[in-house]
Amino acid sequence: MFTVRAIRVGDIEEAKKELSLTGADASGVNIMSPKAVHRVIKAVGVPVKAAVILKQEMLSKGGEAAVSRGVGNFSVETTDVLLMGTVEQFNRVIKKLKAQPFGLSKLADILCRTLNNLEGNNHQALNCRGHLLPLGERTIIMGILNITPDSFSDGGRFFDLDTAIKHAREMVELGADIIDIGGESTRPTADPVPLDAELSRVLPVLKRLVEEINVPVSVDTYKAEVARQALEEGAHIINDIWGLQADPDMADVVARYEDVPLVLMHNQNGTEYNSMMDEVLDALRSSVDMALRAGVKRENIVIDPGIGFGKDTDQNLEVMHRMWEFKTLGYPVLLGTSRKSMIGNTLNLPVTERIEGTAATVTLGIMQGVDIVRVHDIKEMGRVVRMTDAMVRR
């Protein structure tokens, strides 16, 4: 009696495993694996002449391409193109596009890079000034330490220096891989903190932690001067919630230091979008380009989709549903959802009762390729991370 079941194949390595289980020889596995992985890739703003060639090439290789109806009679100047095919078909199309006009050679390079970014975890260990974090092997846990009187979740709890140090040590003992210090509340209604006030909050804690704990210390700031003084005091990571958009000097400051990871988060004023995911990804690309132009090394860049920033609840839920798409940028992804209003609004729960909701977001994020999770509740989320890793990272 025959039995039939569906197989989900996410990348070439998964395809090779499934093909090997059939008993196929090694050469056959290598030939067939790109045929087992199907991709749907969107190209935005393609000139109409280029779109016509792109569609023809995709169809000729057995794939598919959806374009605007205006392409047929050239009544539009540009169109979005939805490309559908196996990795093998994409590879054949890319070879043909390299010799084509209308910007298609450049598009071929972008398609090739995007496909490569989707193939499992391509990241090496994240070097934090000598502290190596093993990206891809397991999910990295960043513990939140707010040195503020007004943060939405724990404002005022760790405002005292000794209390802050004690809490940081407890988080490390419970399994935090990074401690992230914040001296200014980033909740939407919080008042901006003057530079001197932020420095007076962050630096005393930072000085103690870099001497007393054995994990990297991150500083959550969008001010270049705070970053500069923090790095002089030994901070290992800079976490910029404005993705270099708030202070133009931030990228130059970070670039001066060796092996300092820079987290670039998406943020904007307001929640208006024409095409949200396209615009969020484009904004992150812009932040990355700014960092690279300043001299920040590619391997030092981490991206953050910015849950709770410039997005309403429904938009945050959509980003969570489509978290996998951030892998196309080719950088490690940090996810910060801990106790946020998306969870409170969805479950109608106060900040003190959002552990289960946070756990759901952490699990979904890891399943979609997130590398680092930023959380308050280290013990509980550490268990969630370990269990999810055991199921996902096989």
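This passage describes a three-stranded sheet, the helices packed on it, and a nonpolar surface patch in a predicted model.

The sheet is open and contains 3 strands. Their order is S1-S3-S2, and the pairing is antiparallel. Strand S1 (38-47) and strand S2 (64-66) each have a single partner strand and stand at the edges, so one side of each lacks a neighbour in the sheet. On average, neighbouring strands are turned by 20° against each other, direction ignored. S2 pairs with strand S3 (residues 78-86) in the antiparallel sense, over 3 bridges. Within this part of the sheet, alanine 65 has leucine 83 in S3 as its bridge partner.

Two helices meet these strands. Helix H3 (residues 48-60) lies across S1, S2 and S3. Its course runs at about 15° to S3. Helix H4 (residues 87-97) also packs on the sheet, where it touches S1 and S3. The direction of H4 makes about 130° with that of S3.

A separate feature involves later residues of the chain. Met367, Met387, Met391 and Val392 form a nonpolar patch on the surface. Together they have about 400 Å² of accessible area. Helix H14 (residues 378-392) supplies the largest share of the patch, with 3 residues. Methionine 367 is placed in helix H13 (residues 355-367). Methionine 367 has a relative accessibility of 51% and therefore counts as exposed, the cut-off being over 50%.

Key. Residues numbered from 1 in each chain as written. Predicted model: local features only at pLDDT ≥ 70, side-chain atom pairs only at ≥ 80, totals over all residues. Heavy atoms only, no water. Pairing = 2+ DSSP bridges. Helix = DSSP H or I, 4+ residues; strand = E, 2+ residues; numbered from the N terminus. Axes fitted to C-alpha atoms, helices over the stretch in contact; angles between N-to-C directions. Contact = heavy atoms within 4.5 Å. Patch = residues over 30% accessible without salt bridge, like charges linked within 9 Å, V, L, I, M, F, W, Y side chains within 5 Å. Areas by Shrake-Rupley, 256 points an atom, 1.4 Å probe, with all protein chains shown as cover. Salt bridge = Lys/Arg side-chain N within 4 Å of Asp/Glu carboxyl O. Buried < 20%, exposed > 50% of the residue type's maximum accessible area, 1.4 Å probe, protein only.
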